[in-house]
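Here are my notes on the model, set out as numbered points. Please read them with the structure open beside you.

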Amino acid sequence: MIAEGQLDTTLKGPLRLRDVGFKDGLMVLVPPAPGIAFTTRLAGNLSLSAGDPAMAASNRTAVSEALGIPDDWATARQVHGRGVVCAGVAGAQPPEADAIVVREPDRPAAVLVADCVPIALWGPGVAAAVHAGWRGLCAGVIEAAVATAGAAGELSAWIGPCIGPCCFEVGAEVPERFALTHPDAPDCCEGGGQEETLHFDLRRAAAAVLEACGVEVAGDLDVPCTCCDQRFFSHRSDGTLQRQALVTWVGGTP
Ligand SMILES: [Zn+2]
């Protein structure tokens, strides 16, 4: 775990810091919506499949205690697909999926990320956590999660920190695939042309897909970039397997 003094914890943009006690250096960002938290490096690695799983489990407990929610998060083995799972049996082996829908107030859903787009969906009596990298986005994970979570007109979404267009340099296959799978979405590429590199804006692409599904996107899209903002784990910046988490639950934050 990184000591607090090693990171610039000054928050910019639409996220606000909710001081949840800094237990063991934990810092949690809570966007202006109920029942959602996004962690930073200060909360430590939360992936059970990177490094020390016992440490990751204890970090999950610390985050949960700070938020006042159960620590038995419904998670999935994320595979960059379009699979959706409704929260399963507590303690069971996580199923393969990239979106987790929960309807029970005592069962938080979480996705683990380090550059991919974390999306929280919520509506009456339902919450969902979605993991959408460019492959999942193109595969239709957002549409699948919305269809499972409920009536689109009743759902709202928040898009969390992910790799920004500043750092997400891509090959032509990314915008091509997105245009093929989402022909009505706007062009989400920056740059291109002769000898210029292409940069893809995953957040804008995710927002366009959500809006096309009839989901209201809450908050500003100008969230921090996980790759160039050192408060977050970033796979692209240093190849880490450590992950932060988007945790969401039914019921909301007091
Ligand atoms: Zn960046």
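1. Strand 7 and strand 8 (residues 126-132) run antiparallel and are joined by seven bridges. One of the pairings is between Trp122 and Ala127 in strand 8. The hairpin made by these strands has two residues between them, and Gly125 there takes a positive phi near 70 degrees. Keep in mind that this is a predicted model.

2. Strand 7 also pairs with strand 9, again antiparallel, through four bridges. Here Ala120 has Trp158 as its bridge partner, and Ile119 has Ile159. Strands of a sheet pair through backbone hydrogen bonds, either parallel or antiparallel.

3. The wider sheet is open and has six strands, in the order 4-5-8-7-9-13, with mixed pairing. Strand 4 (84-86) and strand 13 are the edge strands, each pairing on one side only.

4. Is strand 7 (residues 117-123) mostly covered or mostly open? It is mostly covered, since seven of its seven residues are buried, and buried here means under 20% relative accessible area. In a regular strand the side chains alternate between the two faces of the sheet. In strand 7, one side carries Val117, Ile119, Leu121 and Gly123, the other carries Pro118, Ala120 and Trp122, and both faces are covered.

5. Helix 3 (residues 141-149) lies across strand 4, strand 5 (99-102), strand 7 and strand 8, and runs at about 170 degrees to strand 8. Its buried residues are Val141, Ile142, Ala144, Ala145, Val146 and Ala149. The elements that cover these residues include the four strands 4, 5, 7 and 8, together with helix 2 (134-139) and helix 5 (202-212). Just after helix 3 comes Gly150, with a positive phi of about 140 degrees.

6. How many aromatic pairs does a search of the whole structure find? The search finds three. In one of them, the ring centres of Phe38 and Trp158 are 6.5 Å apart and the planes stand at 70 degrees, so this pair is edge-to-face. Phe38 is in strand 3 (residues 36-39) and Trp158 in strand 9, so the pair links parts of the chain that are 120 residues apart. Both Phe38 and Trp158 are buried.

7. Phe38 forms an aromatic pair with Phe232 as well; this pair is tilted, with 5.8 Å from centre to centre and 45 degrees between the planes. Phe232 sits in the loop between strand 13 and helix 6, 194 residues from Phe38. The relative accessible area of Phe38 is 0%, and Phe232 counts as buried because its relative accessibility is 1%. Phe38, Trp158 and Phe232 form one aromatic cluster.

8. Which residues are the protein donors of the zinc ion? They are Cys166, Cys167, Cys225 and Cys228, each through its SG atom, at 2.2 to 2.4 Å from the ion. Along the chain the donors follow the spacing C-C-x57-C-x2-C. Cys166 lies in the loop between strand 9 (156-159) and strand 10 (169-170), while Cys228 lies in the loop between strand 13 (216-217) and helix 6 (235-238), so the pair ties together parts 62 residues apart in sequence.

9. Why is the zinc arrangement called tetrahedral? The four donor atoms subtend angles of 100 to 119 degrees around the ion, and the cut-off asks for all angles to lie between 85 and 135 degrees. Of the donors, Cys166 counts as partly exposed because its relative accessibility is 49%, and Cys228 is exposed at 53%.

How values were computed. Residues are numbered from 1 along each chain as its sequence is written. This is a predicted model: local features need pLDDT of at least 70, side-chain atom pairs count only at pLDDT 80 or more; totals for chains, interfaces and linings use all residues. Side-chain values use heavy atoms; hydrogens and water are left out. Donors are N, O and S atoms within 2.8 Å of the metal (3.2 Å for Na, K and Ca); water is not among the atoms, so sites may look incomplete. Four donors count as tetrahedral if all angles lie between 85 and 135 degrees; four count as square planar and six as octahedral if opposite donors are over 155 degrees apart and all others between 65 and 115; anything else is irregular. Buried means under 20% relative accessible area, exposed over 50%, partly exposed in between (1.4 Å probe, protein chains only). Two strands pair if DSSP finds at least two bridges between them. Contact means heavy atoms within 4.5 Å. Axes are lines fitted to C-alpha atoms, for helices over the stretch in contact, and angles run from 0 to 180 degrees between N-to-C directions. Rings of Phe, Tyr and Trp (its six-membered ring) pair if their centres lie within 6.5 Å; planes under 30 degrees apart count as stacked, over 60 as edge-to-face and the rest as tilted.
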